[in-house]
Amino acid sequence: MEIAYCKIPFPNLDLPVDRRSIPSGGKIQPENLWDAITHQIKLSVFWKDRQRNFPGANQHFLDYYGLTLSEVIGHNDDELGLNVHLENFQESEMQLLEDGVSVKERGKTRSRGRIREIMILKAPVYDQDQIVGLIGFFMDITNTSKQINRLENEAARDDLTSLKNRHNFARDFNYLTGKPILAMMLDVDHFKKFNDNFGHRYGDEVLKKISQALLKIYGIGHCYRYGGDEFLVLRDFTDTDTTRLRKKTGSSGKNWNMPGSWTSTWTSTSLPAILTGSPITATRSRA
C-alpha cells in the first residue's frame, strides 16, 4: 500500500507564534510533517492496509514494543503477539475499514513482556475516495488507568464502614433487573438518640459492628450502606432465603451487644423484597 492522504482535519489553532523563529517564506512541507510524525511525536503511530497488516509504524511504536521495522512490515498485531486477546481491536478495525467511521477505544496490549493498557484513536486512510487502510495513534495509560480505578473504587465505598455506598448500589442495580433478587433493608432503631446520649464516635462504632456482621454473613459484594443508619443487602434470590433470614434476624429485630459497655442496639429489618422484571416490582414484609 502506498502512503495515501488521511482525512483527518488539521486544526486551525490561533496560537501566539514568535515570527522571528520562522524563516522568511518558510512553510510546513509534507516531508517535514511526515518526519515529525514518524520520528519526533511522542505517540505511537502505525498504519495498516485493508488486510490489517502493517506497511509501517513510527519510531515510538517500534521502541514501545522493542521491534524493528522489518519485523513489523507485512504482519498484523495478532501475528506479532501484541494483543492480550486475539479479538482485541479486531472487530472495531474491520468495521472502520468497512464504514470509514473513526474509533476511540481502550484495550490491553503486550509490550516487552508486560501487559499494558492503551488508549487508541484510529481513522480511515483514503485514496480517491476509497478506503485503502487505517492510521492509528495510541498512548500508554496504564498508570493513569490504575489511578482512575483506585479513585473509582474509593468513590464507590463508604469511608466509615467500607461497604458499598448508595452510588455503587445505583450502578449495580442496573445489572440485576429482569431476574429475581433479594433486597433486605436494615436500620438502627432510635440511632439519633443513641448518638446524642453516647457521642458520634461511639455511634460510628455501632455502624462498624453492624457492617462487619453483614460482611461476615453476606460478603462484600452484596452489602451496602444506603445512608445514615440504613443498610441494604442485595443479591440473587433463592427458595431458602425467607426461612434463613427469619432465623437470623428474628421476628422483632436483632440485638447487637457493644463490647465494653452495657448498652445494646436494635435493628429493624424488612424481609425480604423480591424484585423481578423490568420495570421493577417489589413485595415487602416488615419483621
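**Figure 1. Leu186 and its partner in strand 8 of the predicted model**. The bridge partner of Leu186 in strand 8 is Phe231. Leu186 lies within strand 6 (residues 181–188), which runs antiparallel to strand 8 and is joined to strand 8 by 7 bridges. Two strands are said to pair if DSSP finds at least two bridges between them. Strands (E, at least two residues) and helices (H or I, at least four residues) are DSSP runs, numbered from the N terminus. Residues are numbered from 1 along each chain as its sequence is written, and side-chain values use heavy atoms, with hydrogens and water left out. In this predicted model, local features need pLDDT of at least 70 and side-chain atom pairs count only at pLDDT 80 or more, whereas totals for chains, interfaces and linings use all residues.

**Figure 2. The hairpin of strand 7 and strand 8**. Strand 7 (residues 223–227) runs antiparallel to strand 8, and 4 bridges join the two. Arg225 stands opposite Phe231 of strand 8. The hairpin has 2 residues between the strands, and Gly228 takes a positive phi near 60°.

**Figure 3. Burial of strand 8**. Strand 8 (residues 230–236) is mostly covered, with 5 of its 7 residues buried (under 20% relative accessible area, 1.4 Å probe, protein chains only). In the chain of 287 residues, buried residues make up 37%.

**Figure 4. The largest cavity**. The structure holds 1 cavity of 30 Å³ or more, and about 100 Å³ of space lies in the largest cavity. Of the 15 residues that line this cavity, Phe46, Tyr65, Asp77, Asn83 and Ile120 are the closest to its centre. A cavity is a set of points, on a 1 Å grid over the protein atoms alone, where a 1.4 Å probe fits but cannot get out; lining residues have an atom within 4 Å of a point. Grid points are joined across faces, edges and corners, and a volume is the space filled by probe spheres set on the points.

**Figure 5. The lining of the largest cavity**. Strand 1 (44–49), helix 2 (59–65) and strand 4 (114–127) each supply at least two residues of the lining. Strand 4 gives the largest share, 3 residues. The lining divides into 9 nonpolar, 2 polar and 4 charged residues. Here Ala, Val, Leu, Ile, Met, Phe, Trp, Tyr, Cys and Pro count as nonpolar, Asp, Glu, Lys and Arg as charged, and the others, Gly among them, as polar.

Technical notes: 1 Å grid on protein atoms, 1.4 Å probe; cavity = no way out; pocket = protein on both sides within 12 Å on 5 of 7 lines; lining within 4 Å. Buried < 20%, exposed > 50% of the residue type's maximum accessible area, 1.4 Å probe, protein only.
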